[in-house]
Amino acid sequence: MTEKKEMQVAEKAIDLVPGFDSMQSFEFALQAANILAKSSLVPKAYQNNIANCVIALNMAARLKADPLMVMQNLYIVYGRPSWSAQFLIATFNMSGKFSALRYEWVGKPGTDEWGCRAWAIEHATGERLEGALVTIGMAKKEGWYGRDGSKWQTMPQQMLMYRAATWFIRAYAPELAMGMYTTDEVIDLTEDEYHVREKPAEANTEELDIVEVENEEPAEKEKGPGF
(Lines give C-alpha, C1' and ligand atoms only; values in the text may rest on other atoms or scores of the structure.)
Protein backbone atom coordinates (compact mmCIF):
# COMPACT_ATOMS: atom_id res chain seq x y z
CA MET A 1 0.00 0.00 0.00
CA THR A 2 1.37 3.40 -0.99
CA GLU A 3 1.88 6.17 1.54
CA LYS A 4 -0.90 8.21 -0.06
CA LYS A 5 -3.31 5.27 0.14
CA GLU A 6 -2.42 4.67 3.79
CA MET A 7 -3.14 8.31 4.60
CA GLN A 8 -6.55 8.10 2.88
CA VAL A 9 -7.44 4.98 4.84
CA ALA A 10 -6.33 6.63 8.10
CA GLU A 11 -8.38 9.78 7.36
CA LYS A 12 -11.43 7.66 6.57
CA ALA A 13 -11.03 5.78 9.86
CA ILE A 14 -10.77 9.05 11.77
CA ASP A 15 -14.03 10.31 10.18
CA LEU A 16 -15.88 7.09 10.97
CA VAL A 17 -18.35 7.41 13.84
CA PRO A 18 -20.51 4.71 15.41
CA GLY A 19 -24.09 4.81 14.22
CA PHE A 20 -26.52 3.72 11.53
CA ASP A 21 -25.42 5.90 8.60
CA SER A 22 -23.57 3.08 6.84
CA MET A 23 -22.63 -0.55 7.29
CA GLN A 24 -19.12 0.54 8.30
CA SER A 25 -20.51 2.88 10.96
CA PHE A 26 -22.79 0.15 12.25
CA GLU A 27 -19.98 -2.42 12.38
CA PHE A 28 -17.83 0.12 14.20
CA ALA A 29 -20.68 0.71 16.66
CA LEU A 30 -20.98 -3.03 17.28
CA GLN A 31 -17.26 -3.34 17.98
CA ALA A 32 -17.27 -0.37 20.37
CA ALA A 33 -20.50 -1.59 22.03
CA ASN A 34 -18.99 -5.02 22.60
CA ILE A 35 -16.11 -3.43 24.53
CA LEU A 36 -18.37 -1.16 26.58
CA ALA A 37 -20.79 -3.99 27.40
CA LYS A 38 -17.94 -5.93 29.00
CA SER A 39 -16.96 -3.03 31.26
CA SER A 40 -17.99 -2.88 34.90
CA LEU A 41 -17.69 0.93 34.81
CA VAL A 42 -20.77 1.51 32.65
CA PRO A 43 -24.23 1.60 34.31
CA LYS A 44 -25.88 -1.78 34.79
CA ALA A 45 -28.42 -1.12 32.05
CA TYR A 46 -25.54 -1.36 29.56
CA GLN A 47 -23.50 -4.18 31.05
CA ASN A 48 -23.71 -7.28 28.84
CA ASN A 49 -26.27 -5.45 26.72
CA ILE A 50 -24.77 -4.66 23.31
CA ALA A 51 -28.05 -3.27 21.93
CA ASN A 52 -28.28 -0.61 24.63
CA CYS A 53 -24.62 0.30 24.10
CA VAL A 54 -25.15 0.72 20.34
CA ILE A 55 -28.06 3.11 20.95
CA ALA A 56 -26.00 5.11 23.45
CA LEU A 57 -23.09 5.32 21.02
CA ASN A 58 -25.37 6.56 18.26
CA MET A 59 -26.88 9.23 20.51
CA ALA A 60 -23.43 10.29 21.68
CA ALA A 61 -22.28 10.63 18.06
CA ARG A 62 -25.30 12.76 17.17
CA LEU A 63 -24.67 15.03 20.17
CA LYS A 64 -20.89 14.95 19.75
CA ALA A 65 -20.71 13.89 23.39
CA ASP A 66 -18.68 11.30 25.27
CA PRO A 67 -20.47 7.89 25.17
CA LEU A 68 -19.88 7.21 28.86
CA MET A 69 -21.39 10.60 29.72
CA VAL A 70 -24.49 9.73 27.70
CA MET A 71 -24.76 6.34 29.42
CA GLN A 72 -24.54 7.93 32.85
CA ASN A 73 -27.23 10.49 32.10
CA LEU A 74 -29.83 8.54 30.13
CA TYR A 75 -32.55 7.01 32.30
CA ILE A 76 -35.69 4.98 31.72
CA VAL A 77 -38.87 6.32 33.34
CA TYR A 78 -42.32 4.94 32.42
CA GLY A 79 -40.55 2.80 29.84
CA ARG A 80 -39.13 5.79 27.96
CA PRO A 81 -35.63 7.32 27.82
CA SER A 82 -35.07 10.69 29.49
CA TRP A 83 -32.08 12.93 30.11
CA SER A 84 -30.81 14.19 33.44
CA ALA A 85 -31.24 17.96 33.65
CA GLN A 86 -27.52 18.48 34.35
CA PHE A 87 -26.56 16.67 31.15
CA LEU A 88 -28.91 18.72 29.02
CA ILE A 89 -27.61 21.97 30.51
CA ALA A 90 -23.99 20.87 30.07
CA THR A 91 -24.66 19.90 26.44
CA PHE A 92 -26.18 23.32 25.80
CA ASN A 93 -23.27 25.15 27.43
CA MET A 94 -20.76 23.18 25.35
CA SER A 95 -22.63 23.59 22.05
CA GLY A 96 -20.71 26.75 21.15
CA LYS A 97 -23.83 28.44 19.78
CA PHE A 98 -24.72 30.33 22.94
CA SER A 99 -23.19 31.75 26.06
CA ALA A 100 -23.54 29.63 29.18
CA LEU A 101 -27.04 29.64 30.62
CA ARG A 102 -27.75 32.28 33.25
CA TYR A 103 -30.75 32.73 35.55
CA GLU A 104 -32.93 35.70 36.45
CA TRP A 105 -34.99 35.58 39.64
CA VAL A 106 -38.29 37.23 40.48
CA GLY A 107 -40.48 37.32 43.60
CA LYS A 108 -39.68 36.54 47.21
CA PRO A 109 -38.32 33.10 48.19
CA GLY A 110 -40.93 31.03 49.96
CA THR A 111 -43.88 32.60 48.12
CA ASP A 112 -45.83 31.40 45.09
CA GLU A 113 -44.46 34.38 43.11
CA TRP A 114 -40.87 33.19 43.53
CA GLY A 115 -39.65 32.17 40.11
CA CYS A 116 -36.78 31.78 37.68
CA ARG A 117 -36.14 32.51 34.02
CA ALA A 118 -33.16 31.18 32.05
CA TRP A 119 -31.38 33.34 29.50
CA ALA A 120 -28.34 33.26 27.23
CA ILE A 121 -26.69 35.22 24.44
CA GLU A 122 -26.83 33.79 20.92
CA HIS A 123 -23.30 34.10 19.51
CA ALA A 124 -24.37 34.41 15.86
CA THR A 125 -26.57 37.47 16.46
CA GLY A 126 -25.52 38.80 19.85
CA GLU A 127 -29.17 38.72 20.87
CA ARG A 128 -30.16 38.01 24.46
CA LEU A 129 -32.66 35.17 24.46
CA GLU A 130 -35.02 34.67 27.38
CA GLY A 131 -36.92 31.56 28.36
CA ALA A 132 -40.32 31.20 30.00
CA LEU A 133 -40.75 32.17 33.64
CA VAL A 134 -41.26 29.24 36.01
CA THR A 135 -42.70 29.97 39.46
CA ILE A 136 -43.62 28.01 42.56
CA GLY A 137 -47.23 28.98 41.91
CA MET A 138 -47.01 27.37 38.50
CA ALA A 139 -45.49 24.23 40.01
CA LYS A 140 -48.44 24.00 42.41
CA LYS A 141 -51.07 24.61 39.73
CA GLU A 142 -49.50 22.01 37.43
CA GLY A 143 -49.41 19.46 40.23
CA TRP A 144 -45.61 19.15 40.32
CA TYR A 145 -45.18 20.55 43.81
CA GLY A 146 -47.25 18.01 45.70
CA ARG A 147 -46.34 14.93 43.66
CA ASP A 148 -45.08 11.93 45.63
CA GLY A 149 -41.29 11.78 45.42
CA SER A 150 -41.14 15.33 44.08
CA LYS A 151 -38.10 17.48 44.90
CA TRP A 152 -40.04 20.75 44.62
CA GLN A 153 -40.66 21.01 48.36
CA THR A 154 -37.17 20.00 49.49
CA MET A 155 -35.03 21.78 46.85
CA PRO A 156 -37.26 24.41 45.16
CA GLN A 157 -34.44 26.69 44.00
CA GLN A 158 -32.70 23.87 42.14
CA MET A 159 -35.96 22.67 40.62
CA LEU A 160 -36.84 26.17 39.41
CA MET A 161 -33.44 26.44 37.71
CA TYR A 162 -33.68 22.99 36.14
CA ARG A 163 -37.17 23.57 34.76
CA ALA A 164 -36.36 27.07 33.49
CA ALA A 165 -33.22 25.74 31.77
CA THR A 166 -35.05 22.78 30.26
CA TRP A 167 -37.77 24.96 28.79
CA PHE A 168 -35.21 27.43 27.43
CA ILE A 169 -33.24 24.67 25.70
CA ARG A 170 -36.38 23.11 24.24
CA ALA A 171 -37.39 26.51 22.85
CA TYR A 172 -34.05 27.63 21.38
CA ALA A 173 -32.01 24.46 20.88
CA PRO A 174 -34.51 21.57 20.64
CA GLU A 175 -32.05 19.44 18.70
CA LEU A 176 -30.03 18.98 21.89
CA ALA A 177 -32.93 17.38 23.75
CA MET A 178 -33.55 15.09 20.75
CA GLY A 179 -37.28 15.18 21.44
CA MET A 180 -36.93 13.75 24.93
CA TYR A 181 -38.03 15.06 28.31
CA THR A 182 -35.73 15.37 31.31
CA THR A 183 -36.12 12.86 34.12
CA ASP A 184 -37.53 15.41 36.57
CA GLU A 185 -40.11 16.50 33.99
CA VAL A 186 -41.31 12.93 33.56
CA ILE A 187 -41.40 12.35 37.32
CA ASP A 188 -43.61 15.43 37.69
CA LEU A 189 -46.24 13.74 35.51
CA THR A 190 -48.17 10.57 36.23
CA GLU A 191 -47.55 7.76 33.76
CA ASP A 192 -50.93 8.40 32.11
CA GLU A 193 -50.27 12.14 31.83
CA TYR A 194 -46.87 11.48 30.28
CA HIS A 195 -48.25 9.22 27.56
CA VAL A 196 -51.11 11.64 26.82
CA ARG A 197 -48.73 14.60 26.47
CA GLU A 198 -46.21 12.70 24.38
CA LYS A 199 -47.02 13.47 20.77
CA PRO A 200 -45.34 12.09 17.61
CA ALA A 201 -44.06 15.55 16.70
CA GLU A 202 -42.28 15.81 20.07
CA ALA A 203 -40.94 12.28 20.10
CA ASN A 204 -37.70 11.19 18.52
CA THR A 205 -38.38 9.95 15.00
CA GLU A 206 -36.03 7.03 15.51
CA GLU A 207 -37.17 4.09 17.59
CA LEU A 208 -35.04 3.90 20.71
CA ASP A 209 -34.99 0.24 21.62
CA ILE A 210 -33.43 0.72 25.05
CA VAL A 211 -34.08 -2.20 27.32
CA GLU A 212 -35.07 -1.29 30.86
CA VAL A 213 -32.80 -3.15 33.23
CA GLU A 214 -32.71 -2.87 37.00
CA ASN A 215 -30.16 -0.24 38.00
CA GLU A 216 -27.89 -0.21 41.04
CA GLU A 217 -30.32 1.95 43.03
CA PRO A 218 -33.75 1.36 41.44
CA ALA A 219 -35.69 3.21 44.11
CA GLU A 220 -33.68 6.39 43.69
CA LYS A 221 -33.67 6.25 39.92
CA GLU A 222 -37.43 5.81 39.71
CA LYS A 223 -37.81 8.91 41.90
CA GLY A 224 -35.73 11.15 39.73
CA PRO A 225 -32.01 10.38 39.27
CA GLY A 226 -31.54 13.39 37.03
CA PHE A 227 -30.97 15.75 39.93
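Which residue lies in the turn of the hairpin that β4 and β5 form, and what is its phi? I began with this point and found Gly126 in the turn, with a positive phi of about 75 degrees. Six residues stand between β4 and β5 in this hairpin.

**Basis of the entries**

I note that this is a predicted model, in which local features need pLDDT of at least 70 and side-chain atom pairs count only at pLDDT 80 or more, while totals for chains, interfaces and linings use all residues. Residues are numbered from 1 along each chain as its sequence is written, and side-chain values use heavy atoms, with hydrogens and water left out.

**Overall count**

I looked up the secondary structure and recorded 11 helices and six strands in the protein. Helices (H or I, at least four residues) and strands (E, at least two) are DSSP runs, numbered from the N terminus. Of the 227 residues, 41% are buried; buried means under 20% relative accessible area, exposed over 50%, and partly exposed in between, with a 1.4 Å probe and protein chains only. Among contacts with a separation of 6 or more, 54% join residues 24 or more positions apart, contact meaning heavy atoms within 4.5 Å.

**Strand β4 and its partners**

I next examined strand β4 (residues 115-121) and found five of its seven residues buried, so the strand is largely enclosed by the rest of the structure. Two strands pair if DSSP finds at least two bridges between them. I recorded these pairings:

- Strand β3 (residues 102-106) pairs with β4 in the antiparallel sense over five bridges, and Arg102 has Trp119 in β4 as its bridge partner.
- Strand β5 (residues 128-130) pairs with β4 over three bridges, also antiparallel, and Ile121 is bridged to Arg128 in β5.
- Strand β6 (residues 134-135) runs antiparallel to β4 and is joined to it by two bridges, with Gly115 opposite Thr135 in β6.

**Gly137**

I located Gly137 in helix α6 (residues 136-141). Gly137 counts as buried because its relative accessibility is 12%. I also looked up its distance to Glu113: the two are 24 residues apart in sequence, yet 6.2 Å apart in space, C-alpha to C-alpha.

**Helices α2 and α3**

I found helix α2 (residues 23-37) packed against helix α3 (residues 50-63) at an angle of about 120 degrees, with the axes 8 Å apart. Axes are lines fitted to C-alpha atoms, for helices over the stretch in contact, and angles run from 0 to 180 degrees between N-to-C directions. The two helices are therefore oblique to each other; angles under 35 degrees count as roughly parallel, over 145 as roughly antiparallel, 65 to 115 as roughly perpendicular and the rest as oblique. The crossing of α2 past α3 is right-handed, that is, the near helix is turned clockwise from the far one by less than a right angle, whereas anticlockwise is left-handed. Residues of this contact include Phe26, Leu30 and Leu36 of α2, and Ile50, Cys53 and Leu57 of α3. By class, I noted 11 nonpolar, one polar and no charged residues in the contact of α2 with α3. Ala, Val, Leu, Ile, Met, Phe, Trp, Tyr, Cys and Pro count as nonpolar, Asp, Glu, Lys and Arg as charged, and the others, Gly among them, as polar.

**Helices α5 and α7**

I then took helix α5 (residues 85-93) and helix α7 (residues 156-172), whose axes come within 10 Å and cross at roughly 50 degrees. That makes α5 oblique to α7, and the crossing is left-handed. Ala85, Gln86, Leu88, Ile89 and Phe92 in α5 meet residues of α7, among them Tyr162 and Phe168. I recorded eight nonpolar, two polar and no charged residues in this contact of α5 with α7.
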